[in-house]
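Good morning, everyone, and thank you for making room for this short talk. Please have the sequence and the model open in front of you, so that we can go through them together.

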Amino acid sequence: MNRNITRIVAIAATLAMGTSLAACGGSSADSSKGHVYFMNNKAEVVDQYKELASMYTKKTGVQVDIQTGAASTYDATMKSELAKDNAPTMFNVAGFDQFAKYQKYVEPLQDTDVFKLLNDTGKAYSYTIDGNSYTLPYAAEWYGIIYNKKIIKDYCSKSYAVIKSADDIKDYKTLKQVAESIEQHKDDLGVDGAFTTPGLDASDTYRFAAHMTRLPLYYEYRDANTTFSKTIKGTYLKNYKDMFDLQLKTSPTETSMVSSKTYDDVTSEFALGQVAFYPNGVWAYSQIKGNDVADEDLGMLPYYMGIKGEEDCGPVGVYDASWAVNKNASEKDKKATLDFIKWMITDNEAKKILSKDMGFSVPFTTFTDDYQPDNPLTEAARAYSNDGKTEVRSFTIPDQQWQDDIASALVEYAQGTGKWDKVQSAFVDGWSTEWNNNEESLGSVPEAQKFDAKS
């Protein structure tokens, strides 16, 4: 889960529901070769998809139509379009709840050439039921603890430093010592705190309810040797609490005021060089760049919390955006669609558009280091996997209600008006409540598989 939707509100607002960006093929299209109709939900990359469609039609004679619905109206547009005779042949899926809505339309893909070109992690994130894989993840993102190398280097030059370089931060114990030391000596260092404010305004709670919660979930699933359960114990929630408390105590904001801090406020603290650490993802780069932190001073640490085994792991991977193929399309159109997808992930010019222009780190084996986004945070995150560290999986969480209940409990805890027990209850009890609700309303839950740390 990221802030793409928030970042593109202005763009999306200009798109009427179901705005058509079709007829890219024009007179060069040959109807005998099939038809590709892609229902897209990423308004920020409309122009790039139009370019890809035009290039492919010109090259092959296959008509490729692109239609984009604003994020807030995508499901309504999909429902309308899928009911038509000329329905989308491929569409975006973002999250399990959306997959469940369109489950009766999705084509099994595990035997296709495009699925076989996914890397192992991409395959692991494909939604699978009874051995059939139905989605193709196409955008990998990561989150961890972004840090300012310049501030850490300055800190390490001081006599009171507890580390010699950022490379010494390899566990939560060391991270905590460094953060508390920076907080103690912040006036000498010219900073306002060690960590950015744990903002609990609605615009920023996703970092704690949707992202930070994935860490205790990942390790609890590891212990249970599963990838899904409708019940959890909250085994590592104390580690989550320790990390949250550390951010509260070493940020520039009084704990009673954190609920008023927005995402933009918090990002500015880091972008303006006021703090050393910022728990967030690679997408934050678009708002950090061009301010007071140079690209070469951006680094990323794993999200340490003091859980056994985390020293062998890197940042958390997020693979929310996927392509799916409509099983109800004609065989000719399905073939044309799969050929179009294969072209996008194998043609050098198309790969450049996906990686450089759209800014996606695409989880297919065809995307080498030359075809990665120009984003120093992505580069820093990918370096952990290249060094043999295990990527933490962002296993599916129930829904927005679960997140909202955790965020509300965190606000009360931070302000001193509520106890941690309420956070515990929202995390553990809310988990089973929301998954049971989802199963009743959506008709399915994720399929549990054996835990595999390598995928």
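**Salt bridges and their surroundings**

Let me begin with charge pairs: in this structure, the count comes to 18 salt bridges. Before I go on, please keep in mind that we are looking at a predicted model, and that for our purposes a salt bridge is a side-chain nitrogen of Lys or Arg lying within 4 Å of a carboxyl oxygen of Asp or Glu.

I will take a few of these pairs in turn, starting with D223 and R222, which form a salt bridge whose closest N and O atoms are 3.1 Å apart. How accessible are the two partners, D223 and R222? D223 has a relative accessibility of 45% and so counts as partly exposed, and R222, at 27%, counts as partly exposed too.

The second pair is D369 and R382, whose side chains meet in a salt bridge with an N to O distance of 3.4 Å. This pair links distant parts of the chain, since D369 sits in the loop between α17 and α18 (376-386) while R382 belongs to helix α18, and 13 residues separate them. If you look for D369 on the model, you should find it exposed, because its relative accessible area is 55% and the limit for calling a residue exposed is over 50%.

The third pair is E412 and K422, which form a salt bridge with the closest N and O atoms 2.9 Å apart. Here E412 lies in helix α19 (residues 400-415) and K422 in helix α20 (residues 420-442), so the salt bridge ties together parts that are ten residues apart in sequence. E412 counts as partly exposed at 22% relative accessibility, and K422 is partly exposed as well, with a relative accessible area of 40%.

Which residues are linked in a network of salt bridges? They are E107, E331 and K334.

**A patch of negative charge**

Now please turn to the surface, where D47, E51, E349 and D357 gather in a patch of negative charge. The elements that contribute two or more residues to this negative patch are α3 (46-60) and α17 (348-357). Taking one member as an example, D47 is found in helix α3, and it is exposed, with a relative accessible area of 58%.

**Cysteines**

How many disulfides does a search of the whole structure find? The search finds zero. As a reminder, a disulfide is a covalent bond between the sulfur atoms of two cysteines. Two cysteines may still be worth finding on your screen: C156 counts as buried at 17% relative accessibility, and C313 is buried with a relative accessible area of 6%. Both values are read against the cut-off for buried, which is under 20%.

**Two backbone angles**

Let me move to the backbone, with a general point first: most residues other than glycine have a negative phi. Against that background, D130 has a positive phi, near 50°, although it is a residue other than glycine. Its place is in the loop between β5 (128-129) and β6 (132-133), and D130 counts as exposed, at 67% relative accessibility.

N225 also has a positive phi, near 55°, in a residue other than glycine. You will find N225 in the loop between α12 (214-224) and α13 (237-249), where it is partly exposed, with a relative accessible area of 41%.

**Sequence and space**

To finish, I would like to set separation along the chain beside separation in space, using three pairs of residues. G69, in the loop between β3 (63-68) and α4, is buried or exposed? It counts as buried, with a relative accessibility of 0%. G69 and N41 are 28 residues apart in sequence, and their C-alpha atoms are 5.6 Å apart in space.

L82 lies in helix α4 (residues 74-82) and counts as buried at 9% relative accessibility. The C-alpha atoms of L82 and Y102, which are 20 residues apart along the chain, are separated by 9.4 Å.

The last residue is K327, which is found in the loop between β11 (313-325) and α16 (331-346) and is partly exposed, with a relative accessible area of 38%. K327 and Q415 are 88 residues apart along the chain, and 51 Å separates their C-alpha atoms.

Methods:
Residues are numbered from 1 along each chain as its sequence is written. This is a predicted model: local features need pLDDT of at least 70, side-chain atom pairs count only at pLDDT 80 or more; totals for chains, interfaces and linings use all residues. Side-chain values use heavy atoms; hydrogens and water are left out. Patches are made of residues with over 30% relative accessible area and no salt bridge: like charges are joined within 9 Å, nonpolar side chains (Val, Leu, Ile, Met, Phe, Trp, Tyr) within 5 Å. Accessible areas come from the Shrake-Rupley method with a 1.4 Å probe; for residues, only the protein chains shown count as cover. Lys and Arg count as positive and Asp and Glu as negative; His and the chain ends are not counted. The place of a charge is taken as NZ of Lys, CZ of Arg, CG of Asp or CD of Glu. Helices (H or I, at least four residues) and strands (E, at least two) are DSSP runs, numbered from the N terminus. Buried means under 20% relative accessible area, exposed over 50%, partly exposed in between (1.4 Å probe, protein chains only). A disulfide is a pair of cysteine sulfur atoms within 2.5 Å.
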